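Please walk through this structure with me, beginning with the surface and the overall fold and ending at a pocket.

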Amino acid sequence: VVTVRDDVNVKRRVEVGPKRLLLEYDESLQALSMSTGKPKNTDKLFNTVYLRVKNNQISDVINAETKDHVNVSFKVSLRGDFVGTELTKWFEVENYVKMVSDHVRSIVKGAVRLRTIEDLYADPTAILRDAVLGQKGAKGTDKRQGMMFEENAFHLSEVELLGFAVGDEKISGILDSAQHQVVESNINLQLLEKKLDLEKRQD
């Protein structure tokens, strides 16, 4: 998609491609600036006159602090589409990447601040998806509402956790050790239950 601006009459039109486009003498292409890097910021911008409508992906790193003051980081991939029939609205936000990243970052930080590191470490993916996409829908389905940005009709429909890290190495080691102990205990319990079941059958 490209947006064409008529500088004389201050009118805009959006062209959806692929197609061959011939501009009038008083028309020019409207440029957008996209944030790059991780975390997303305005230090390095990518300028373009094209906008992808479907399956837009934004990768970002979100740093947050838990309820018990432990620093954590999420490496995420966001996916969404531009929706609706008012096409010029898609270009209302010049840097939609930063807008989406900033809002998601704020939501995730708020959700993490309500959790202890133990709760968060147990299932960071579920906490991330619940915060960004909302709770699951009907029982047995994973359908979530997603996040709608009215400013430019962008619908964030999916978030994927690519990596999760605890800032304090000592705490990370304690959590890993505790998790290993839980797994070991569960395995031993299963072996004992099987042994008891076998002894009952033999009796």
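Accessible areas here come from the Shrake-Rupley method with a 1.4 Å probe, and for residues only the protein chains shown count as cover. By that method the chain exposes about 13,100 Å², of which carbon and sulfur atoms supply 49%. The model is a predicted one, in which local features need pLDDT of at least 70 and side-chain atom pairs count only at pLDDT 80 or more, while totals for chains, interfaces and linings use all residues. Residues are numbered from 1 along each chain as its sequence is written, and side-chain values use heavy atoms, with hydrogens and water left out.

Of the 203 residues in the chain, 34% are buried, where buried means under 20% relative accessible area (1.4 Å probe, protein chains only). The chain holds four helices and nine strands, taken as DSSP runs (H or I of at least four residues for helices, E of at least two for strands) and numbered from the N terminus. Along the sequence they follow the pattern β-β-β-β-β-β-β-α-α-α-β-β-α.

The largest pocket encloses about 180 Å³ of space, a pocket being an open set of points on a 1 Å grid over the protein atoms alone, where a 1.4 Å probe fits, with protein on both sides within 12 Å along at least five of seven lines; lining residues have an atom within 4 Å of a point. Its volume is the space filled by probe spheres set on the points, which are joined across faces, edges and corners. Among the 13 residues that line this pocket, Met34, Phe46, Thr48, Tyr96 and Val97 are the closest to its centre. Strands S4 (32-36), S5 (41-48) and S6 (56-65) and helix H1 (96-112) each supply at least two lining residues, and S4 gives the most, with three.

Technical notes. Buried means under 20% relative accessible area, exposed over 50%, partly exposed in between (1.4 Å probe, protein chains only).
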